[in-house]
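Here's a quick tour of one protein model, starting with the overall build and ending at a single residue. Have the structure open as you read.

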Amino acid sequence: MAEQLFALFYDYVPDILERRKPHREAHIAHAKAAAERGELVIAGALGDPPHGAMFAFRVSGPDAIEEFVAGDPYVDAGLVTAHRVEPWNVVVHGAPAVG
């Protein structure tokens, strides 16, 4: 049986590595708070160097994710150029990472 999560995708400014430093600690704390509430399942940057990020949420609908976006220090600082939310029907889970 599929589990429905919601995927949040961010697009970053081209110079994210140079501009994120003053906001990174607050951004990570914001994400950790969502994880501690049981809403955020997994998250991380996409690309090397990063060009965006992907977050997976276990919430009742996209409104909760829009609240997360509205409170994200990266968004407030203008580091996120666009975002989108997609329903994600997860049909296969692997074993949790060890370590």
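## Overall build

With 99 residues, the protein would be expected to have a radius of gyration near 13 Å as a compact globule, and its 14 Å agrees with that. That radius is taken over C-alpha atoms, and the globule rule is 2.2 Å times the number of residues to the power 0.38.

A word on ground rules: this is a predicted model, so local features need pLDDT of at least 70 and side-chain atom pairs count only at pLDDT 80 or more, while totals for chains, interfaces and linings use all residues. Residues are numbered from 1 along each chain as its sequence is written, and side-chain values use heavy atoms, with hydrogens and water left out.

Some whole-protein numbers:

| Property | Value |
|---|---|
| C-alpha span along the principal axes | about 40 × 30 × 20 Å |
| Residues that count as buried | 30% of 99 residues |

Buried means under 20% relative accessible area (1.4 Å probe, protein chains only).

As for the fold, there are four helices and four strands, running β-α-α-β-β-α-α-β along the sequence. Helices (H or I, at least four residues) and strands (E, at least two) are DSSP runs, numbered from the N terminus.

Now zoom in on Gly 61, which sits in the loop between β3 (52-57) and α3 (62-70). Is Gly 61 buried or exposed? Gly 61 is buried, at a relative accessible area of 11%. Val 85 is 24 residues away along the chain, and its C-alpha is separated from that of Gly 61 by 9.9 Å.

Note on methods
Buried < 20%, exposed > 50% of the residue type's maximum accessible area, 1.4 Å probe, protein only.
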